[in-house]
Amino acid sequence: MRTRGHLAAAVFIVCLWGLFSYNPSAFTTSCLWQSQSSLKLNDTVDDLPPVHVCFALSGEETGFLREFEVALKSVLLNAPLERDLTIHILADQRAYIALANNSSTERLPPVFERIELHKWTSRNQVNLNLYDISPEIPGLLDQTRETFRRGFNSTSVEIEIEQHTAGTYFRLWADKVIPPELNAEHLLYLDTDVVIMSNLEA
């Protein structure tokens with residue numbers, strides 16, 4: 001019964017989430033990395049929309065970041081053959097600091113150093129974008145509560161919200177964070193414990 005309740009809540013949120021808007025320019029965004037693309041073997045790639053993949057990170061715990069490292073590498077290894085790929089990372093302040101480039105050095109953060117990101121060459125363009133959403137988390141949580149309250153009583157909403165960390169809800173805010181000019185009409189969200197085993201073109 002509890003599972004059904006969560007499913008109903010998720011469906012309800014998806015249906016109503018478009019009722020409020022948010023300005024993506026409010027978020028700090030860093031382009032962490034762009035791949036060196038080899039010659040495109042198929043000219044039609046320019047006519048195909050890129051694949052958009054999203055991760056949500058909260059905290060800087062070593063085990064969590066190592067888990068993300070594996071997931072990210074699996075995405076890069078299975079980048080689409082005929083499309084560009086853009087990876088979006090929604091992060092709170094601690095995760096953002098752990099992943100953001102240090103302006104005082106040319107070295108990448110440890111997560112990206114270990115997978116030797118600077119050596120990667122892809123068939124098509126791969127972009128890695130990092131968003132610090134921490135300043136807007138309180139406002140986004142308030143709007144999440146309001147969305148839930150349209151289908152559930154206030155007490156149960158508060159219990160559900162308090163039972164989970166803010167990071168649990170990052171995935172629901174992706175369309176409020178990713179700039180509209182990137183045209184991310186379709187977005188594949190991945191938990192950090194997911195490993196991609198085949199090409200994302202499929």
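**Briefing: a covered strand and some salt bridges**

Strand β4 has both of its faces covered, with Leu85, Ile87, Ile89 and Ala91 buried on one side and Thr86, His88 and Leu90 buried on the other. Keep in mind that this is a predicted model. Besides that strand, here's a quick look at a salt-bridge network, plus two loop residues, Ser134 and Asn183.

**Strand β4 and its partners**

- β4 spans residues 85–91, and 7 of its 7 residues are buried.
- In a regular strand, side chains take turns pointing to the two faces of the sheet.
- On one flank, β4 runs parallel to β3 (residues 51–57), with 7 bridges joining the pair.
- To get from β3 to β4, the chain passes through helix α2 (residues 62–77), and this β-α-β crossover is right-handed.
- Within that pairing, Phe55 sits opposite Ile89 of β4.
- β4 also pairs with β6, again through 7 bridges and in parallel.
- Here Ile87 has Leu128 in β6 as its bridge partner.

**Salt bridges**

- The whole structure holds 10 salt bridges, and Arg66, Glu69 and Arg114 are linked in a network of them.
- Glu69 pairs with Arg66 at 3.9 Å, N to O; the two are 3 residues apart in helix α2, so about one helical turn separates them.
- Glu69 also bridges to Arg114, with the closest N and O atoms 2.7 Å apart.
- Because Glu69 belongs to helix α2 and Arg114 to helix α4 (residues 110–114), that pair ties together parts 45 residues apart in sequence.
- Glu69 is buried, at 11% relative accessible area, while Arg66 is partly exposed at 42% and Arg114 is partly exposed at 36%.
- Another of the salt bridges joins Lys119 and Glu116, whose closest N and O atoms are 3.4 Å apart.
- Lys119 is exposed at 54% relative accessibility, and Glu116 is partly exposed at 39%.

**Ser134, in a loop after β6**

- Ser134 sits in the loop between β6 (126–132) and α5 (137–149).
- Its side chain makes a polar contact with the side chain of Asp132 at 2.6 Å.
- Setting aside neighbours within four places in sequence, Ser134 touches Ala91, Asp92 and Gln93; Ala91 is one of the buried residues of β4.

**Asn183, a backbone oddity**

- Asn183 has a positive phi of about 55°, even though it's not a glycine.
- For context, most residues other than glycine have a negative phi.
- Asn183 belongs to the loop between α7 (174–177) and β7 (188–189), and it's exposed, with a relative accessible area of 59%.

Methods
Residues numbered from 1 in each chain as written. Predicted model: local features only at pLDDT ≥ 70, side-chain atom pairs only at ≥ 80, totals over all residues. Heavy atoms only, no water. Helix = DSSP H or I, 4+ residues; strand = E, 2+ residues; numbered from the N terminus. Buried < 20%, exposed > 50% of the residue type's maximum accessible area, 1.4 Å probe, protein only. Polar contact = N/O pair within 3.5 Å; in protein donor to acceptor, adjacent residues only side chain to side chain. Contact = heavy atoms within 4.5 Å. Pairing = 2+ DSSP bridges. Right-handed = clockwise from strand over helix to strand, strands pointing away. Salt bridge = Lys/Arg side-chain N within 4 Å of Asp/Glu carboxyl O.
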